[in-house]
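Dear colleague,

I am passing on the structure we spoke about, so that you can look at it before reading my notes. Please open it first and then follow the description below with the model beside you.

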Amino acid sequence: MNKKIAVVLKGYPRLSETFIAQELLELERAGFELVIFALRRPTDKARHPIHSEIKAPVIYLPEYLHEEPMRVLKGWFASRRRSGYRKAFHTLLKDFRRDISRNRLRRFGQALVMANELPQNTAWIYAHFIHTPASVAYYTHMMVDTQWSCSAHAKDIWTSPDWELSEKLDDASWTVTCTESGYHHLRTLAQDQNTVELVHHGLDLSRFQRTADLRPPRDGSDINDPVRLITVGRAVEKKGLDTLIDALALLPATLNWKWTHIGGGVLSDNIAEQIKRLGLIEKTELLGSRPQEFVLETYRNSDLFVLPCRIADDGDRDGLPNVLVEAQSQNLACVSTPISGIVELIEDGKNGLLIPPNDATALAKALETLIKDPQNRGKMGAAGADKVERQFDHRQEITTLVNLLEHSGIDRKFQAAAE
């Protein structure tokens, strides 16, 4: 039986989206044949080992239509003869009247190319992120008359207009999302609430094997052995790194610590300038993006994970950052904020501390408390690892997705495509 799924991604591969790579690999292991359509080419220089394990071919759609005009024109000539083209075009016109932007036209042009280059016998279209990738999937499925579904996450939910979310939810066969806050929000917008499912990302515990907590009892008193703080995440507004740096500057001068940041991001230069201005260069290191094995080793050599997320001015926010789950799997106590799905992982005072967003004073106090108390850090880290093992094993996630695919008519589509 042919089980071919076209997966639409914003970019591939991406170091910051290990949860997507993990899902793709597990779908392949479950017997699905994947073809990846990416809206952007990779910008990261490194790759995670998991990307080399994924067998799916990748088709890069034209990121800007003027860069590949003949490819777009060829897609238009082929697609306009399809029975579903008129419906897709009228949907574009309706969308464009409410969102007059080049972005809207670009997604339709990418859909023209995708519809023309979709492999034969493709039985399902599946998009990660309900904003731009889902727009391409949405238009494409109308042209080729193939069912589609979507995985919604964070920014895509909270920065998209309700009308667009509602129409996509009602058109897709089903939509999954990774946090309770996103789940409840999408269900209020869907005509049939049963088409929205909550599926946490989970973690491949074979890659993030729990190790015995043998960390030295650092308490900030030894200048030659400072407490090691770690943050992994892009330098963007919603991560709250500027608040973190302000908090670090408020820590007592007698306290010995070292902060490491792993991740790229548009605000990297701003962060570096803030560190310099506050005189923290000797106590911090900015490493940029790094592959997964390096990140894992850094978790194991650190004492405390901190990520003070916030809601950005444009409404963007994290769902449940996968790096928090990764850190907890390695017996690391975490300091974060009660934003979105973070509260589904971090229980304040049990496996970490939750402080108000944008509050450098409260964050400094939380950091000082845990820096000085290695015993409590150890208890919190162990509690976090226990919770990850109980509730965030990726095998549950993939089982749910496979069941959705198998029970939503996809097998019948596969059979029809094969015949």
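A good place to begin is C178, which sits in the loop between β6 and α9; please keep in mind throughout that this is a predicted model. Is C178 buried or exposed? Its relative accessible area is 4%, and because residues under 20% are counted as buried, C178 belongs to the buried ones. If neighbours within four places in sequence are left aside, C178 touches A152, H153, L198, V199, H200, H201 and E344. As a contrast, A235 lies 57 residues from C178 in sequence, and the C-alpha atoms of the two are 22 Å apart in space.

One of those contacts, E344, deserves a separate look, and you will find this residue in the loop that joins β12 (333-336) and β13 (352-354). Beyond its neighbours within four places in sequence, E344 has contacts with C178, T179, E180, S181, H200, K387 and F392. Which side chain of opposite charge is nearest to E344? It is K387, at 8.6 Å, and E344 has no salt bridge although it is buried.

The strands around this region belong to an open sheet of 7 strands, which are arranged in the order β3-β2-β1-β4-β5-β6-β7 and pair in parallel. At its edges are β3 (58-60) and β7 (196-198), each of which pairs on one side only, and the average twist from one strand to the next is 20°. Strand β6, made of residues 175-177, is joined to β7 by 3 bridges in the parallel sense, and V176 has E197 of β7 as its bridge partner.

Helices also lie across this sheet. Helix α9 (residues 180-189) crosses β5, β6 and β7, and runs at about 170° to β7. Helix α6 (residues 132-144) lies across β1 (4-11), β2 (33-40), β4 (124-128) and β5 (148-152), with an angle of about 165° to β4.

Turning to the whole protein, there are 17 helices and 13 strands, and the C-alpha trace spans about 75 × 40 × 40 Å along its principal axes. A compact globule of 419 residues would have a radius of gyration near 22 Å, so the 23 Å of this protein agrees with that expectation. Buried residues make up 56% of the 419. Among contacts with a separation of 6 or more, 74% are between residues 24 or more positions apart.

With best wishes

Technical notes:
Residues numbered from 1 in each chain as written. Predicted model: local features only at pLDDT ≥ 70, side-chain atom pairs only at ≥ 80, totals over all residues. Heavy atoms only, no water. Pairing = 2+ DSSP bridges. Helix = DSSP H or I, 4+ residues; strand = E, 2+ residues; numbered from the N terminus. Axes fitted to C-alpha atoms, helices over the stretch in contact; angles between N-to-C directions. Contact = heavy atoms within 4.5 Å. Buried < 20%, exposed > 50% of the residue type's maximum accessible area, 1.4 Å probe, protein only. Lys, Arg positive; Asp, Glu negative; His and termini not counted. Salt bridge = Lys/Arg side-chain N within 4 Å of Asp/Glu carboxyl O. Rg over C-alpha atoms; globule rule 2.2 N^0.38 Å.
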